[in-house]
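User: I'm new to reading protein structures and could use some help with this one. Can we go through it step by step?

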Amino acid sequence: MNSFKLPLSLLFAGAIVAQASAQDGKTVRIATEGAFPPWNAVDTSGKPVGFDIDVGTALCARAKFKCEFVTQAWDGIIPALTVGKFDAIMAGMSITEKRKQVIAFSRPYALTSNYFVVRKSLDLPQMAKHLKLDLSSEAEGDKSLLQALKESLKGKVIGVQGATNAEAFVREYFGDTIEVRTYDKQDNLNLDLVAGRIDGGLADYSVWKAFVESKDGAMTTLYGPRISGGPFGPGVGIGLRKQDMELAQRFNGAIDSIEADGTLKGVSLKWFGADLVSK
């Protein structure tokens, strides 16, 4: 009796299809902070809304998952993931080497653009607009720009949201040249900035945009260069447990899909009024 053997490539392909089919319809619990608009927030009914939620919904549809979004305070979001309280994090979380020691990430689904915002009444040295500071660069221009920024803000009180890359940046690069104040939420930082209790703050432009364009934010302005690299990492990704690499692969494929057909860009334009997903 003759035996028939499938080519190894077909067997492998079949295994991938079977694996994907087994995951179809899986319920994936995704945590978000719910206090970081427009990335994520909570509406009047208590439902999570924002860029992360719309992207996550699109990704789950492409990956054939059922999505369930839950809110979790930022300072406990990674520990809660590791103990299995939920399956993934989508909360405007930048991919960094420090975080990668504890959890895994999908490929980036958005980029970041970090800026200082200060009160207009401050007497600060003029800095040219549209400058870019790459903390990963060894170029003399970037080093000089960083030094100029440090000297301009010396002695000022700068607010950051606690346990964020912004806090890591100011503590690492500014040392004792500024006074750092941490906040549990960006909204509380904004309130202190308007009240004059701090001189400025550091956060992603997407977080600042609505504030600086508001009535309260009219007394503030962007200051200094767009900051990227270093502790800010290569972009924003989905946080996952290290053992969940199959889930990461499914999300990566879904990110590729919604980026290729323009869905991801459309969601960015909806929430930010700008394309934060294209390199």
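User: Okay, which residues lie nearest the centre of the second largest pocket?

Analyst: Quick heads-up before we start: this is a predicted model. The second largest pocket has a lining of 19 residues, and about 400 Å³ of space lies in that pocket. Out of that lining, the ones nearest the centre are Lys-98, Arg-99, Ala-163, Thr-164 and Asn-165.

User: Which element gives the most to the lining of the second largest pocket?

Analyst: Three elements give two or more residues to that lining: α3 (77-82), α4 (97-100) and α6 (165-173). The one that gives the most, with four residues, is α6.

User: How many charged residues are in the lining of the second largest pocket?

Analyst: Let's sort the lining by class. Nine of its residues are nonpolar and four are polar. The charged ones number six.

User: Now the largest pocket. How much space lies in it?

Analyst: Picture the lining to begin with: it takes in 21 residues, and Lys-129, Thr-221, Leu-222, Tyr-223 and Gly-224 are the ones nearest the centre. The space inside the largest pocket comes to about 550 Å³.

User: And which element gives the most to the lining of the largest pocket?

Analyst: Here the elements that give two or more residues are β7 (114-119) and β12 (220-228). With five residues, the one giving the most is β12.

User: By class, how many nonpolar residues does the lining of the largest pocket have?

Analyst: Same sorting game as before. Polar residues come to five, and charged residues also come to five. The nonpolar count is eleven.

User: Let's switch to disulfides. Which residues form a disulfide?

Analyst: Searching the whole structure turns up one disulfide. Its two sulfur atoms sit 1.8 Å apart, and the cut-off for a disulfide is within 2.5 Å. The partners are Cys-60 and Cys-67.

User: Is that link right-handed or left-handed?

Analyst: For this you look at the angle about the S-S bond. Between Cys-60 and Cys-67 that angle is 95 degrees, and the link is right-handed.

User: Is Cys-60 buried or exposed?

Analyst: Let's take its partner for contrast: Cys-67 has a relative accessible area of 30%, so it is partly exposed. Buried means under 20%. Cys-60 has a relative accessibility of 1%, so it counts as buried.

User: What about salt bridges, how many does the structure hold?

Analyst: One of them is between the side chains of Asp-87 and Arg-241, at 3.3 Å from N to O. Another joins the side chains of Arg-107 and Asp-256, at 2.5 Å. The total for the structure is 15.

User: How many residues apart in sequence are the parts that Asp-87 and Arg-241 tie together?

Analyst: The two side chains meet in a salt bridge. Asp-87 lies in the loop between α3 and β5 (88-89), while Arg-241 is in the loop between β13 (239-240) and α9 (245-260). So the pair ties together parts whose separation in sequence is 154 residues.

User: Are Asp-87 and Arg-241 buried or exposed?

Analyst: The cut-off for buried is under 20% relative accessible area. Asp-87 comes in at 16%, so it is buried. Arg-241 has 11% relative accessibility, so it also counts as buried.

User: Which backbone nitrogen lies 2.8 Å from a polar atom of the side chain of Asp-87?

Analyst: Asp-87 has several partners to keep track of. Its side chain makes a polar contact with the side chain of Arg-241 at 3.3 Å, and Asp-87, Arg-241 and Asp-244 are linked in a network of salt bridges. The backbone nitrogen you're after belongs to Arg-29.

User: Back to the salt bridge of Arg-107 and Asp-256. Which helix holds Asp-256?

Analyst: Arg-107 sits in the loop between β6 (104-105) and β7, and the two residues are 149 residues apart. Arg-107 is partly exposed at 24%, and Asp-256 is partly exposed at 41%. The helix that holds Asp-256 is α9.

User: Last one: is Glu-138 buried or exposed?

Analyst: Glu-138 meets Lys-143 in a salt bridge, at 3.5 Å from N to O. Lys-143 counts as partly exposed, at 39% relative accessibility. Exposed means over 50%, and Glu-138 has 61%, so it counts as exposed.

Conventions: Residues numbered from 1 in each chain as written. Predicted model: local features only at pLDDT ≥ 70, side-chain atom pairs only at ≥ 80, totals over all residues. Heavy atoms only, no water. Buried < 20%, exposed > 50% of the residue type's maximum accessible area, 1.4 Å probe, protein only. 1 Å grid on protein atoms, 1.4 Å probe; cavity = no way out; pocket = protein on both sides within 12 Å on 5 of 7 lines; lining within 4 Å. Points joined across faces, edges and corners; volume = space filled by probe spheres on them. Nonpolar A, V, L, I, M, F, W, Y, C, P; charged D, E, K, R; others polar. Salt bridge = Lys/Arg side-chain N within 4 Å of Asp/Glu carboxyl O. Polar contact = N/O pair within 3.5 Å; in protein donor to acceptor, adjacent residues only side chain to side chain.
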